[in-house]
Amino acid sequence: MAQSVSFLLVLTTLLAFAPFTFGGHLYPQFYDHSCPKAQQIVKSIVAKAVAKEARMAASLLRLHFHDCFVKGCDASLLLDSSGSIVSEKRSNPNRNSARGFEVIDEIKTALEKECPQTVSCADILALAARDSTVLTGGPSWKVPLGRKDSRGASLSGSNNNIPAPNNTFQTILTKFKLNGLNVVDLVALSGSHTIGNSRCTSFRQRLYNQSGNGQPDYTLHPSYAAQLRTRCPRSGGDQNLFVLDFVSPTKFDNSYFKDILASKGLLNSDQVLLTKSEASMDLVKKYAENNELFFEQFAKSMIKMGNVSPLTGPRGEVRKNCRKINT
Ligand code: HEM
């Protein structure tokens with residue numbers, strides 16, 4: 001009896017201190033022993049890329065989102081087409097839009113040199129998203145780590161699960177809820193649109209024919225709409241770029257929420273946060289008023305998004321090249 005009690009004690013003590021890889025838990029110290037320089041290497045390459053082109057911070061932040069909403073945060077987004085794999089890079093939300101893959105490659109190459117087959121591509125995406133936020137003036141957080149990489153991609157998942165800019169508020173919220181995220185996460189994470197660009201094609205409908213009656217979106221400020229129409233014509237110019245936050249397009253701050261209050265949110269999905277739900281309207285107003293509150297919630301919601309169905313322990317693999325599964 002005493003023996004089995006002490007065995008249980010040893011077991012529970014061991015479990016308490018064992019890395020939680022099998023339970024599917026992620027933790028910030030995951031690479032502390034296996035690759036102590038990992039975070040430093042990611043940060044320096046992201047910093048170099050953002051110094052070269054400020055928009056890269058936005059592009060890298062978005063990659064983590066587009067990864068996590070398809071089969072969880074497993075780097076499925078990074079796979080190129082090959083064999084039976086059809087790349088998610090071809091999906092509607094990603095085609096001619098998702099970018100930053102070369103920066104991820106550069107980070108992976110550096111990490112493979114420092115500690116071969118140790119740091120997953122999914123964790124690189126999570127770290128690069130955090131570093132991009134910090135570099136542009138946003139909040140910091142400890143990134144839980146220990147994700148493994150998938151051995152497959154899902155083009156249909158990418159097309160269907162990532163919200164589209166012309167989705168209704170309800171559809172967007174449902175897509176967040178399917179990932180365990182709520183309206184607070186939706187509003188805070190949409191605050192990412194405080195940096196980065198959008199193509200004309202992603203919001204043209206609002207400028208000319210929002211609801212099929214040949215009229216622009218009445219929730220878009222008329223003179224702002226007129227200004228946008230000069231570079232986003234009825235046809236052509238699909239790839240022309242526009243800043244998502246016209247006040248401070250490369251600074252991570254709460255001006256995105258102020259834009260929305262001024263009817264100058266660029267995407268329909270931005271403006272509906274104010275016009276289609278009382279709960280989200282309250283949050284937009286709060287974040288517009290209180291930058292600190294926005295930053296705190298953004299960090300929490302990023303950690304929550306980063307925890308969407310990770311592969312851990314023996315599930316998945318650490319890819320040697322983020323574009324290909326291991327052979
Ligand atoms: C709420 C639903 C969302 C919708 C409908 C949406 C939609 C879009 C669209 C249409 C663009 C412009 C793409 C283009 O035209 O090439 C964009 C850009 C961007 N999105 Fe979102 N997004 C959403 C949420 C998020 C979230 C949760 C994040 C990050 C956590 C995010 C981060 C970004 C960033 C940073 C950019 C700029 C990227 C760049 O400049 O390369 N978005 N988004």
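Here are three short exercises, with worked solutions, on the predicted model above.

**Exercise 1.** Work out which elements and domains supply the shell around the ligand.

*Solution.* Start with the residues that come nearest: of the 26 around the ligand, these are S59, S97, S192, G196 and R199. Next, look for elements that give two or more residues to the shell, and you will find α3 (56–68), α8 (183–190) and β1 (197–199). Helix α3 has the largest share, with 5 residues. Now turn to the domains: domain 1 (37–162) and domain 2 (169–305) each contribute at least three residues. Finally, sort the shell by chemistry, which gives 12 nonpolar, 10 polar and 4 charged residues.

**Exercise 2.** Find the residues that touch the most other members of the largest nonpolar core, and follow the contacts of A128.

*Solution.* The core holds 67 residues, and V46, L60, I104, I124, L125 and A128 touch the most other members. Helix α5 (residues 121–135) gives the most to this core, namely 9 residues. Setting aside neighbours within four places in sequence, A128 is in contact with V42, V46, L60, I104 and I107.

**Exercise 3.** Take the positions that UniProt lists as "binding site" and decide: is D67 buried or exposed, and what about D74?

*Solution.* The unreviewed UniProt entry lists D67, V70, G72, D74, S76 and E88. They spread over 22 residues of sequence yet cluster in space, with a largest C-alpha distance of 13.2 Å. D67 lies in helix α3, and D74 in the loop between α3 and α4 (101–114). Then apply the cut-off of 20 or more other C-beta atoms within 10 Å. D67 has 29, so D67 is buried; D74 has 28, so D74 is buried. Beyond four places in sequence, D67 touches residues including S76 and L125, while the contacts of D74 include R147 and D149.

Notes: Residues are numbered from 1 along each chain as its sequence is written. This is a predicted model: local features need pLDDT of at least 70, side-chain atom pairs count only at pLDDT 80 or more; totals for chains, interfaces and linings use all residues. A residue is near a molecule or strand if its C-beta atom, placed from the backbone, lies within 6 Å of it. Helices (H or I, at least four residues) and strands (E, at least two) are DSSP runs, numbered from the N terminus. Ala, Val, Leu, Ile, Met, Phe, Trp, Tyr, Cys and Pro count as nonpolar, Asp, Glu, Lys and Arg as charged, and the others, Gly among them, as polar. Domain bounds come from an automatic or database domain assignment. A nonpolar core is a set of buried Ala, Val, Leu, Ile, Met, Phe, Trp, Tyr and Cys residues joined through C-beta atoms within 7 Å. A residue is buried if 20 or more other C-beta atoms lie within 10 Å of its own, exposed if 12 or fewer, and partly exposed in between; C-beta atoms are placed from the backbone. Two residues are in contact if their C-beta atoms, placed from the backbone, lie within 7 Å. UniProt positions are given in the numbering used here, feature names are shortened, and annotations may be inferred rather than shown by experiment.
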